[in-house]
Amino acid sequence: MSHILTQNASFLMKTDAPPPQETFRQPRTKQEKIDRWRNIARTFSPFFFADAESQNTTPAPQFNNYIWQQNAPAVTPEPFTFAPFSFPTLAPPATLAPPVGSGGPTLEPFLPTTASPKLLAHNTARMIREIATFSDGGKSRDQDFGAVQTLMQAFFEAVATGNNNGAVATGPAVGTPLGDAPILQAHRDGTELGANRALTNKLFESDMVLTVPQMKAVVLAAQEARNPHGRKKRKVITGSVYRWKSVIPYRFKGGDSKWKKLIKEGLGLWEKETCVRWSENGPGKDYVIFFRGSGCYSSVGRTGGSQLISIGYGCEDKGIVAHEVGHSLGFWHEQSRPDRDQYIHLRKEWIIKGTDGNFEKRSWEEIEDMGVPYDIGSVMHYGSNAFTKDWDQITIETQDKRYQGTIGQRQKLSFIDVKQVNRLYCNSVCPVALPCQHGGYPDPNNCSVCKCPDGLGGKLCGRVAKGTDHDKCGGELVATPEWQEMIYKGKRTCNWRVKSPNGGRVRLVLTELRYQCATSCKAYIEIKHNTDFQQTGFRVCCFNKTYDVISDQSEALILSNANIVDYEVSYKLQWIQDNGKPLPPPKPTSTWVPGKENRPFRGVENTGGSIEKFILQAIPKIRDSHRPLESITSIVAEYGLATLLGISHNGKK
């Protein structure tokens with residue numbers, strides 16, 4: 001006999017529909033169309049969409065299932081409204097004029113045009129000036145950003161297929177020359193990559209300002225990537241030189257109160273979960289400067305003196321702030337781990353020409369995984385559309401298709417993100433160990449309890465975490481040989497655990513779902529069916545099929561999160577005991593030994609090898625003002641990096 005369990009936030013409310021949306025009326029007259037385009041354009045930064053010198057205007061970005069508004073400095077956009085999820089595409093006539101007798105100034109229509117190379121050069125120069133102005137590191141020989149730019153561009157050339165010097169690259173990266181790369185417009189996708197598209201390949205992996213030793217290490221790692229031996233799994237940058245020693249001082253350069261509040265909210269995400277603290281205008285020779293620059297970017301780790309974190313227009317999201325702060329704490333991107341191919345697949349045919357180098361993996365000499373597994377739900381993971389040349393096509397595809405809506409999230413820090421920082425900076429805070437379960441560990445903000453993976457709680461992580469929906473939301477469920485069903489309706493968060501009492505596995509079938517659909521889920525149901533509950537489960541927010549899942553072990557977690565929506569969500573879940581035996585636990589990713597992550601970072605000390613000598617010898621040439629930048633880039637690309645990566649000049653290995 002089937003058993004029915006019904007739970008909802010208000011005990012069977014009559015409706016679970018979102019509030020009705022206002023109806024948008026299409027502009028009809030020419031003047032209405034002009035005014036509409038004018039209002040839309042004024043919501044965006046003029047940095048991205050206007051070139052005063054060339055009088056070339058680029059179109060506003062296309063909207064993708066949601067609407068955003070961005071206030072440019074000293075401009076107050078006129079109010080307007082439109083319906084969500086259906087932005088109209090307007091095609092203005094070739095010639096538009098204001099109505100006769102309007103008395104107003106003549107306004108040229110916003111016609112679709114290609115982006116201006118002159119504008120891109122201006123934006124790039126502005127970004128380099130920002131880095132030179134706000135970062136002390138850019139003033140030393142080993143941290144000269146101009147040198148990093150030249151090495152980086154040459155590196156991208158060398159690893160791209162069909163590069164200008166005729167070399168043929170092999171391995172995981174594919175692409176075409178940088179010279180043919182398109183000039184891209186910003187796209188609001190909730191990540192820093194979308195906001196930084198206009199600066200593609202001007203920053204490493206879209207948002208990282210590297211030092212010369214760090215860029216040199218990337219080159220060396222690329223060479224190792226073509227050597228099948230000696231690869232290990234890592235994530236955090238190695239070397240104690242890149243660690244902050246105590247409270248991190250920071251300062252604001254400009255910005256209004258709303259922007260500063262956003263920065264503090266992003267810092268608060270880390271402070272709430274770790275022992276790391278920031279102090280506005282605090283003492284110390286090493287400090288961070290937050291400013292509203294040309295995009296979203298940061299240095300990796302503590303680089304010495306003043307270092308920057310730019311939270312520019314299009315980056316106004318506390319999750320993006322947390323991501324950039326993560327870089328400053330010492331994080332690389334999650335997908336740069338060498339074990340990423342077990343979890344994701346690159347759709348190389350859709351990667352922007354010449355940007356292949358942004359997908360290169362690090363090696364064990366640059367990063368450390370801190371003893372935790374790969375995390376698709378990390379706030380440091382690329383989104384599905386990273387460096388795509390067509391926004392309708394993804395470049396990163398999860399090996400398990402159910403996880404596609406999980407990658408690229410910027411809603412919260414994952415359990416593994418937090419655990420790595422706490423191991424890196426807070427390992428000595430709690431002197432007494434606790435027998436925490438499921439990968440939990442003593443909470444550095446309260447050493448008497450364990451910090452638990454999402455969905456679990458209690459002192460030792462042995463219970464289901466309490467939800468925020470209502471008192472009876474969430475709890476323990478038992479799988480039996482008969483099908484059972486739960487119909488959930490509610491808001492906020494609610495957590496369940498389904499157990500098989502006889503040691504068997506659990507089968508879950510998700511038959512209905514009603515959440516806000518998005519490429520990277522923001523309101524979702526998350527199912528953890530793997531052995532390791534530390535890892536983020538797969539998140540579902542767009543229902544286009546029935547999900548049939550069998551747990552690896554004798555239990556599974558079901559987490560509902562609807563914090564960002566103001567209406568009731570729902571799902572229907574069925575479960576039953578499965579006769580299969582639990583799978584054997586996977587081998588640990590690695591064994592973490594405290595302090596191992598502080599071994600010297602490759603490139604900090606010159607080992608005297610030929611590769612190191614080449615790059616170090618190239619730096620003075622790059623800094624020589626009498627040598628044209630183009631010729632130096634060509635020299636580095638043709639005679640240096642091609643050789644370093646094992647690529648001969650005649651195209652033979």
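**Strands β9 and β10**

I began with the pairing of β9 and strand β10 (residues 306–311): the two run antiparallel and are joined by three bridges. The model is a predicted one. I looked up one of the bridge pairs and found that Cys296 has Ile311 as its partner in β10. The hairpin that β9 and β10 form has six residues between the strands, and Gly301 takes a positive phi near 75° there.

I then checked what β9 pairs with besides β10. Strand β4 (residues 208–209) pairs with β9 in the parallel sense, over two bridges. In that pairing, Met208 has Ser298 of β9 as its bridge partner.

Which way do the side chains of β9 point? I noted that in strand β9 (residues 296–299) Cys296 and Ser298 point one way, while Tyr297 and Ser299 point the other way. All four are buried.

**Glu324**

I looked up the UniProt record next. The entry, which is unreviewed, lists Glu324 under "active site". I located Glu324 in helix α8, which covers residues 318–329.

Is Glu324 buried or exposed? Its relative accessible area is 0%, so I entered Glu324 as buried.

I listed the contacts of Glu324, leaving out residues up to four places away in sequence. Among them are Cys296, Tyr297 and Ser298, which belong to strand β9. Ile309 and Ile311 are also touched by Glu324, and both numbers fall in the range of strand β10, residues 306–311. The remaining contacts of Glu324 are Glu192 and Asp207.

**Nonpolar cores**

I looked for the largest nonpolar core and found one of 47 residues. Leu508, Tyr515 and Tyr571 have the most contacts inside that core. For Tyr515 I pulled the contacts beyond four places in sequence; they include Tyr488, Tyr524, Ile525, Cys541, Tyr567, Val569 and Tyr571. Ser560 and Asn561 are also among the contacts of Tyr515.

Apart from the largest core lies another, of 39 residues. Its members include Ala195, Cys296, Met380 and Leu413. Cys296 is thus a residue I had already met, as a contact of Glu324 and as the bridge partner of Ile311.

For background I wrote down that nonpolar side chains tend to be buried together in soluble globular proteins.

**Helix α9**

I checked the cover of helix α9 (residues 415–425). Of its 11 residues, 10 are buried. The buried set includes charged and polar residues, among them Asp417, Lys419, Gln420 and Asn422. Phe415, Ile416, Val418, Val421, Leu424 and Tyr425 are buried as well.

**Salt bridges**

How many salt bridges does the structure hold? I recorded 16. I looked at three of them.

The pair of Lys412 and Asp454 has its closest N and O atoms 3.1 Å apart. Lys412 sits in the loop between β13 (396–398) and α9, and Asp454 in the loop between β15 (446–451) and β16 (456–457), so this pair ties together parts that are 42 residues apart in sequence. Lys412 counts as partly exposed, at 28% relative accessibility.

The pair of Arg497 and Glu555 has its closest N and O atoms 3.5 Å apart. Arg497 is in strand β20 (residues 492–499) and Glu555 in strand β25, 58 residues apart, and the pair links distant parts of the chain. Both partners are buried. For Glu555 I have a relative accessible area of 14%. I placed Glu555 in β25, residues 555–562. Besides Arg497, and leaving aside neighbours within four places, Glu555 is in contact with His438, Val498, Lys499, Val506 and Phe533.

Arg340 forms a salt bridge with Asp341, with 3.1 Å between the closest N and O atoms. Arg340 is buried, at 2% relative accessibility, whereas Asp341 is partly exposed, at 40%.

**Asn495**

I returned to strand β20 for Asn495, which lies in it. Asn495 is buried, with a relative accessible area of 9%. What does the side chain of Asn495 have within reach at 3.1 Å? A polar atom of that side chain lies 3.1 Å from the backbone oxygen of Ala465. Ala465 is also on the contact list of Asn495, together with Val464, Lys466 and Gly467. Gly455, Gly474, Gly475, Ile558, Leu559 and Ser560 are touched by Asn495 too. Ser560 had come up before, as a contact of Tyr515.

Key
Residues are numbered from 1 along each chain as its sequence is written. This is a predicted model: local features need pLDDT of at least 70, side-chain atom pairs count only at pLDDT 80 or more; totals for chains, interfaces and linings use all residues. Side-chain values use heavy atoms; hydrogens and water are left out. UniProt positions are given in the numbering used here, feature names are shortened, and annotations may be inferred rather than shown by experiment. Buried means under 20% relative accessible area, exposed over 50%, partly exposed in between (1.4 Å probe, protein chains only). Contact means heavy atoms within 4.5 Å. A salt bridge is a side-chain nitrogen of Lys or Arg within 4 Å of a carboxyl oxygen of Asp or Glu. A nonpolar core is a set of buried Ala, Val, Leu, Ile, Met, Phe, Trp, Tyr and Cys residues joined through side-chain atoms within 4.5 Å. A polar contact is a pair of N or O atoms within 3.5 Å; within protein, one must be able to donate a hydrogen and the other to accept it, and residues adjacent in sequence count only if both atoms are side-chain atoms. Two strands pair if DSSP finds at least two bridges between them.
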